[in-house]
Amino acid sequence: QVQLVESGGGLVQPGGSLRLSCEVSGRIFSIDDMGWYRQAPGKQRELVATISSGGRTNYADSVQGRVTISRDNAKNTVYLQMNFLKPEDTAVYYCNARIWPTYRTANDYWGQGTQVTVSS
């Protein structure tokens, strides 16, 4: 059984910062790409950032320059450092990872989501 557990969300003022964490636990053979997505009320889930197992990163244009994704492969954890937050960053943030529970097959797994609210 594979689990992704996010933490670090909360309420922050515009211009503030937050750091999200997502730890993968359970039966893991290896982990490929990891990423963060978000879904605001009434909107579709959208990509925020991804990072490959080798550290190659990809960012949505809307967060480029304000957000940094990183991972600690030894801890099976991915992080999202968000700076200069804006009200439009308010959303539920979801962690995603492509995981090989065994060497045979890989599947995409999602965390339960953590709320980020940017408001004064």
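How many residues lie between E7 and E8 in the hairpin, and which residue in the turn has a positive phi?

## The hairpin

In this predicted model, strands E7 and E8 form a hairpin with four residues between them. The turn residue with a positive phi is Asn76, at about 50°.

The two arms of the hairpin are joined by six bridges in the antiparallel sense. In this pairing, Thr68 of the hairpin stands opposite Gln81 in E8.

## The sheet

The hairpin belongs to an open sheet of four strands, with the order E1-E3-E8-E7 and antiparallel pairing. Strand E1 (2–7) and strand E7 (67–72) each have a single partner strand, so they stand at the edges and one side of each has no neighbour in the sheet. From one strand to the next, the twist averages 15°.

Strands of a sheet pair through backbone hydrogen bonds, in either a parallel or an antiparallel sense.

## Pairing of E3

Strand E3 covers residues 18–26 and pairs with E1 through six bridges in the antiparallel sense. Within this pairing, Glu6 has Cys22 in E3 as its bridge partner.

E3 also pairs with E8, again antiparallel and over six bridges. Here Arg19 stands opposite Gln81 in E8. Gln81 therefore has a residue opposite it on each count: Arg19 and Thr68.

## Burial of E8

Which strand is mostly covered, and how many of its residues are buried? The strand is E8 (residues 77–82), with five of its six residues buried. In the strand order, E8 stands between E3 and E7.

Note on methods:
Residues numbered from 1 in each chain as written. Predicted model: local features only at pLDDT ≥ 70, side-chain atom pairs only at ≥ 80, totals over all residues. Heavy atoms only, no water. Pairing = 2+ DSSP bridges. Axes fitted to C-alpha atoms, helices over the stretch in contact; angles between N-to-C directions. Buried < 20%, exposed > 50% of the residue type's maximum accessible area, 1.4 Å probe, protein only.
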